[in-house]
Amino acid sequence: MKRLIEFKDTQREIHNFRLRLALSLGFVLLLLLLLLVRFVYLQVMQHSHYQTLAENNRISIVPIAPSRGLILDRNGVVLAHNYSAYTLEITLSKVIDLKATIDELAKIVDIQPGDRKRIKRLLADNRKFESLPIRNRLTDDEVARFATQRYRFPGVEIKARLFREYPYHEQISHLIGYIGRINESEIAQLEEDEIAANYRGSDYIGKTGIEQNYESELHGKTGFQQVEVDAGGREVRVLSRTPPVSGNNLVLTIDAKLQGVAEQAFGNYRGALVAIDPSNGEVLAFVSKPGYDPNLFIDGIDEQSWNELNNSSDVPLNNRALRGQYSPGSTIKPFMALAGLHYKKRTPSYAISDPGYFSLPNSHHQYRDWKKGGHGSVDLFKSIVVSCDTYYYGLANELGIDNIYSFFSEFGFGKKTGIDLEGEVSGLMPSQEWKQKRHQQKWYAGDTISVGIGQGYNLVTPLQLAYATAILANDGVAYRPHLLKEVQSLRTSEKRILGMNQESNLNLNAEHLALVKSAMVAVTQPGGTAARAGAGAPYVFAGKTGTAQVIGMKQGEKYIESKIQEHHRDHAWFMAFAPSDQPRIALAVLVENGGHGSSTAAPIARKVLDYFLLGKLPQPLLAVDEAEGAEDD
Amino acid sequence: MTRRRLWQRFVAHLDPVLLAALGLLLLVSLVVLYSASGGNWFRVLAQMTNILVACVALWIVANMPLHYLMRAAVPVYLLGMVLLIAVAFFGEIAHGARRWLNIGVTTIQPSELMRIAVPLMMAWYFEKHEATLTLKNYFVATLLLLLPVALIARQPDLGTAILIAASGFYVLFLAGISWRVMLTSLVILMASMPLAWSTLHDYQRHRIMMLLDPAQDALGSGYHTIQAIIAVGSGGMFGKGYLNGTQTHLDFLPERTTDFIFAVYSEEFGLFGNIVLLSLYLFVIARGFVITANASTYFTRLMAGSITLTFFTYAFVNMGMVSGILPVVGVPLPLISYGGTSMVILLLGFGMLMSIHTHKKLVQT
């Protein structure tokens, strides 16, 4: 009996067991079905989505930076070029501890504290660098040393890159400018202009000068390479390649040799010189002294050099030719003379008797001539040759500021010339409205008198004065000054010639022009204020000296140069064009704190003219005899 | 003895049906491993060695009479427990977990042993108390299960702990634990979830969170899952072709030869290949069920059922984790993934199945 019950129990047990086994099988089938559903979902329904993801994983678009266009002078002299060198670069996403990696690398290649600072700044720059340069311009030894240790540094690679170099260093620096690493605000600008994609492979962009102004020509078109990459980002093979298009070469209007002569002629003086071909507006020389070495800026300037440049009392970073604003001084007189003739306030033969000062009717205030006792009888011709102040005090008073303003505006005073450089300033040509707006004061007759000899409110840049000189030299036909002569495409060897357009014609009276020009020629000849600078010139050139006061003199006080601190001395001006009958060059020279125009500025102009017209390289600067220099205003 | 009779004795305890299915799966393993390892013959040869060793283990166990197995249950379980406790105190730490024990010549992972020892012990226990099974016995059996599971979970080795828990649960379930007790336990388990959560390691919690949304940490822990899903999904209907998986061969897939080998297979052979693989697994499982259903004793029924269901669980958890429906818990794909211990343990289990199937008649007579 007992056995039977037990047996029945076993039967039930087996029945129960098989039921549970069947349930388990159902459970297994259900879960396998779940997997199958999941596979169908992933591999059929979502297949294209994951296909795309897998392709994106696999294929990486690598930009290939184009090589930047060269900058050449008008004769093909290279002013900015590229060279290839090895750099050590870190791909940030692949390096865990950047500092430790750099410390390790420092044992193999030379990494200066300056390099570390630069890296830190680049990191702080917030730009997502695909790779960060640790060291530029590795030596062959360093390349070899790293190559043997390379396995220790995943994510660190040696790359051959093109570097910009400015072979003229401090010369022409203000004109060429420089490139530098692209910063956050420049990225924003590129994105706004919708050209950011073209900069994906580029680390540099033009920051100042020609490099900045013609960035779009110089940069070129970025190429792309489709590469298959593995999970570590290493290239496995190249799938397709769109080559980059090199940037265009720029041929400037500048004559590098002339520029060199001009820079050398300045010696240790600060100042600026702009020389223009009056017949087409081509800028032949564009000097701002002192210069700086643009090569320092390419990879971020180191702190010490920056402080030296930035804190120097010589302000080498200031582009004086473009942005320096100075009182024009007596260089304004030829234009005043033309205005006087134009508005019929003066005739060529009308002469005043100069007592050495000018007073307004009903006023005791004396406007002094630079020459005590005056120049005697002075007509228009002589007024320019001897730079008679009294003549122009009276003329300015009679012309009135409104006429002066409108006549001078025609010559570009108080306006940007529109040269192809960023950052030009407009100088200042004062008017009644300007004074009301700026100083909330009405215009006084005395204001006009100061303006008449270029010592009033008016301010000019060396570029503006050179432009005005060129217009005068070209008989009133104005060409916008420009630095770019030609764009050469390397790919198509196509050349585009730019900027020959006539800007305007002032329609000046030929007789008036001839008179003023002849007076300016006389300036450089015996009896003129620049006679010494003109002595022995085998060509005829026209000029005008000028002096811009830096500090005001009290009534009756004598200006004695040797007693005044160097930085308070007057600025010396000289404007010139040559040859006088068919001008090929017009220029303006400013020498900061140079004292008299005739003693410092005019000799520089003479050297430039000698080289330009005669091909004559200058002798070492002649010592200027200070005692004899008091001949001009 | 003639050669023929020798052969007959050699294969007497092997199940040809099961053996054929296992052979196909092992062949797949070698083929996929060659691709997954990037054409590394050494990897393939090493796996062949693993298979060979495991086959020897299979043959030995298959030829072992069942009472040998039963007798081994208690010593093996006790040995496993001692080793697990030793690991908890003297174990070596690697990858943030204390799983290995250095026994001088080599390091061993006692939790692997428990994969066999736990169901064996439980089945032995039920067999011993077969005649007078009460709730108390189920409770004791549960304790026999939970002790090693808790120790392994603490190492921490969540994957192994869950799978051993599953194998033990299958024994309990097949041993006939009442539905009411099961449901009550389930409710208690659910209620204690928050408590369990608080005892989990950060990386385990993270993995569970990752299951819900792998994309939230696409470059960190989620990377593996996402790359695996991309591999599977991009495989499409028929796959990218053998040796042509881009995710595999461009290093995007992690642990390609071990835990994520299914992604390699799936990328190169597509949905079609997956169905073939699922069918092979299903065939092995079905054969296991047949053996289980026909097993003669309580012990062998429980053992065979647990072995079969645990094998399925391994396969499901691995494929589920690679295709992104289960968290990444570090479970290899049974019979396919590279690895010696796993292979030996698995084939040992199938050896037991064969032994159960072929020694039945001997027991009955």
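# A tour of chains A and B

Start by selecting Leu101(B): the residue bridged to it in strand 3 of chain B is Ile108(B). Strands here are DSSP runs of E at least two residues long, helices are runs of H or I with at least four, and both are numbered from the N terminus.

Some housekeeping before you click on: residues are numbered from 1 along each chain as its sequence is written, while chains are lettered from A and ligands numbered from 1 in the order in which they are written. What you see is a predicted model, so local features need pLDDT of at least 70 and side-chain atom pairs count only at pLDDT 80 or more, while totals for chains, interfaces and linings use all residues.

**Stop 1: the sheet in chain B**

Stay with strand 3 of chain B and add strand 2 (residues 97-102): the two pair in the antiparallel sense over two bridges. To count as a pair, two strands need at least two bridges found by DSSP. Now add strand 1 of chain B, which pairs with strand 2 of chain B, again antiparallel, over three bridges. Here, Ala94(B) sits opposite Ala97(B) of strand 2.

With the three strands selected, you have an open sheet in the order 1-2-3, paired antiparallel. Why do strand 1 (92-94) and strand 3 (107-108) of chain B each have one side without a neighbour in the sheet? They stand at the edges with a single partner strand each, so one side of each is left free of a sheet neighbour.

**Stop 2: chain B as a whole**

Zoom out to all of chain B. There are 16 helices to go with the three strands. Of its 365 residues, 50% are buried, where buried takes 20 or more other C-beta atoms within 10 Å of a residue's own, exposed takes 12 or fewer, partly exposed lies in between, and C-beta atoms are placed from the backbone. Look also at contacts (C-beta atoms, placed from the backbone, within 7 Å). Among the chain B contacts with a separation of 6 or more, 71% link residues 24 or more positions apart.

**Stop 3: helix 7 of chain B**

Select residues 158-174 of chain B. This is helix 7, with 17 residues, and from first C-alpha to last it reaches 24 Å, close to the 24 Å expected at 1.5 Å a residue; the expected span is 1.5 Å times one less than the number of residues. Is helix 7 of chain B mostly covered or mostly open? Mostly covered: 14 of its 17 residues are buried. After the helix comes Gly176(B), with a positive phi near 100°.

**Stop 4: two crossing helices**

Next, pick helix 14 (residues 298-322) and helix 15 (residues 340-358) of chain B. Their axes come within 10 Å and cross at roughly 145°. Those axes are lines fitted to C-alpha atoms over the stretch in contact, with angles running from 0 to 180 degrees between N-to-C directions. On the helix 14 side, show Thr300(B), Met303(B), Ala304(B), Ile307(B) and Phe311(B); they meet Gly349(B), Met352(B), Leu353(B) and Ile356(B) of helix 15. This contact divides into seven nonpolar residues, two polar and no charged. Nonpolar covers Ala, Val, Leu, Ile, Met, Phe, Trp, Tyr, Cys and Pro; charged covers Asp, Glu, Lys and Arg; the others, Gly among them, are polar.

**Stop 5: where the chains meet**

Show both chains together: 33 residues of chain A are in contact with 34 residues of chain B. On the chain A side, the elements giving two or more residues are helix 1 (2-45) and helix 2 (47-58). The largest share, 19 residues, comes from helix 1 of chain A. By type, the chain A side has 17 nonpolar, nine polar and seven charged residues.

**Stop 6: unusual backbone spots in chain A**

Go to Lys289(A) and Pro290(A), joined by a cis peptide bond with omega of about -5°. Pro290(A) is in the loop between strand 12 (282-289) and helix 11 (303-311) of chain A. Another cis peptide bond runs from Ala578(A) to Pro579(A), with omega near -15°; Pro579(A) lies in the loop between strand 22 (571-578) and strand 23 (585-591) of chain A.

Then try His169(A), a non-glycine residue with a positive phi near 45°. His169(A) sits in the loop between strand 5 (156-165) and helix 6 (173-176) of chain A and is partly exposed, with 14 other C-beta atoms within 10 Å.

Last stop is Val315(A), not a glycine but with a positive phi of about 45°. Val315(A) is in the loop between helix 11 and helix 12 (320-323) of chain A, and with 16 C-beta neighbours inside 10 Å it counts as partly exposed.

How values were computed
Contact = placed C-beta atoms within 7 Å.
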